[in-house]
Amino acid sequence: MAKKHKSFEESLLRLKEISEKLEGSEVGLDDSIKLYEEGVKLAKECYTTLSEAELKIKELKSELEIDID
Amino acid sequence: MDLFTQEENILSVSEITNSVKRVLEKSFKGIKIVGEISNFKAHFSGHWYFTLKDANAQISCTMWKGNNSRVRFTPEDGMKIIVSGNISVYPPRGSYQIDVRSMKAEGVGELQAAFERLKQRLSDEGLFDVENKKAITRLPKKIGIVTAIDSAAFRDMVSVAERRFPLVELIVASSHVQGDGAAENIARNIKVLDSQGGIDTIIIGRGGGSLEDLWAFNEEIVARTIFDAETPIISGVGHEIDFTIADFVADLRAPTPTASMELATPNQEEILNYISDFFENSSTNVNSIITNFKDEIFGITNSYGFKSHDMIINNYMQTLDNYLFRIENGTNQKFQKSKNELNLLNNIVESFNVEKALERGFALVKQNNKTISRAKDYDSNKKIKIKFYDKEIEIT
């Protein structure tokens, strides 16, 4: 399916799902190859995302200085 | 003595009370008094009323809302405290009291006792109950941090996040973590982060220090804010041995600020291992799926059903071969027989061969180029030819 780009978490979840399916016995040959291809693609994406990630830090200035009355 | 002779010295109740008020309030300004709290009442209005006593005396105290909001513990009966403030007189009752400006526990022992009491009370209320604990997100996108941004604790958290899971975004609400107003500041920052939306986990923390340094994390306002927050909260305050009220209310307690970030983030090593395991295991799995299908195909092609098909074909082949063999055989025999007959005939023909007869001495009589083999065919009026073996002659 031509779904939108998955988040890192979704990709990992899908990867887990694919591994489990491939470990099971009820997957047909065509499906297993399709799943494997999808999994390899996702795994590469996850790997790239993670290895290229740079920590982002944002300071939240609480403008709303609520006075305790 | 007549007590009532000097009538001009008679004062009204209000006059004398106001005189006393002036004298007392002027003389006892900015005093510090140590004593034990009794009859403590936090009024609905937010003001506090209590009595300060020792073995032989007692004195009423009031502490207005604006002042008591800065007290860093919840006063309770029996607690030994030092108050500072002024004496004030309340004319409607003719009573004097201390207008308490600030209060602190007398000694660490009292703070410890206040801690225990608050802990007990909140525990009874269910603030520490396990069923109220929220699960920490395993793969957070955003982590909120409530700590001092210039602290070593914060730097430690950042380096842990960088090493373990750089994919995460850290959102810092820098807070005072000790001193006046620290608890309110921490509570407000928790609320701000909690209401941001999209923040998966909030870490509250600070580095090690004395019981007093860590006190903000023992205050009720922080405890209640943690309890009310929608976002899961991890506390990482002080060292391993330090336990604060915040630790008990938080959804997860980390022994140190560093550990709090470790608990908030997955280890990217583990994720990378998981991914490389996928490559390894899944290709093995796909290969075994393929092998299984191959085995299955082999099994089917070797099955009786498939074989019987071959056998049928083979049977036909054999029958066909048999026919061909017989046809071939029969044909050969016939051919041989004909050949023999032909030879025989040929011999017979050979024996009648004219040339052979001529050679032996016979001659052939011809008239009009026809062989005259019978006398009745002879015409005496015509020329005659006689063919010998060596030559043909004509007789006229």
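This passage describes how chains A and B meet and where one residue of chain B sits. The model is predicted.

The two chains touch along a shared interface. On one side, 33 residues of chain B take part; on the other, 30 residues of chain A are in contact with them. Several elements of chain B each supply at least two residues to this side: helix H4 (152-164), strand S7 (169-174), helix H5 (182-194) and helix H9 (268-301). The most comes from H9(B), which gives 14 residues. By residue class, the side of chain B that touches chain A holds 21 nonpolar, eight polar and four charged residues.

Strands also link the chains. Strand S1 of chain A, residues 56-59, is joined to S7(B) by four bridges. The two strands run parallel. Within this pairing, A:Lys56 stands opposite B:Glu169 of S7(B).

Attention now turns to a single residue of chain B. B:Ala223 lies in helix H6, which covers residues 220-228 of chain B. B:Ala223 counts as buried because 27 other C-beta atoms lie within 10 Å, where the cut-off is 20 or more. Leaving aside residues up to four places away in sequence, B:Ala223 touches B:Leu122, B:Leu127, B:Ile245, B:Ala246 and B:Val249. One of these contacts, B:Ile245, is 22 residues from B:Ala223 along the chain. The C-alpha atoms of B:Ala223 and B:Ile245 are separated by 6.5 Å.

Technical notes:
Residues are numbered from 1 along each chain as its sequence is written. Chains are lettered from A and ligands numbered from 1 in the order in which they are written. This is a predicted model: local features need pLDDT of at least 70, side-chain atom pairs count only at pLDDT 80 or more; totals for chains, interfaces and linings use all residues. Two residues are in contact if their C-beta atoms, placed from the backbone, lie within 7 Å. Ala, Val, Leu, Ile, Met, Phe, Trp, Tyr, Cys and Pro count as nonpolar, Asp, Glu, Lys and Arg as charged, and the others, Gly among them, as polar. Two strands pair if DSSP finds at least two bridges between them. A residue is buried if 20 or more other C-beta atoms lie within 10 Å of its own, exposed if 12 or fewer, and partly exposed in between; C-beta atoms are placed from the backbone.
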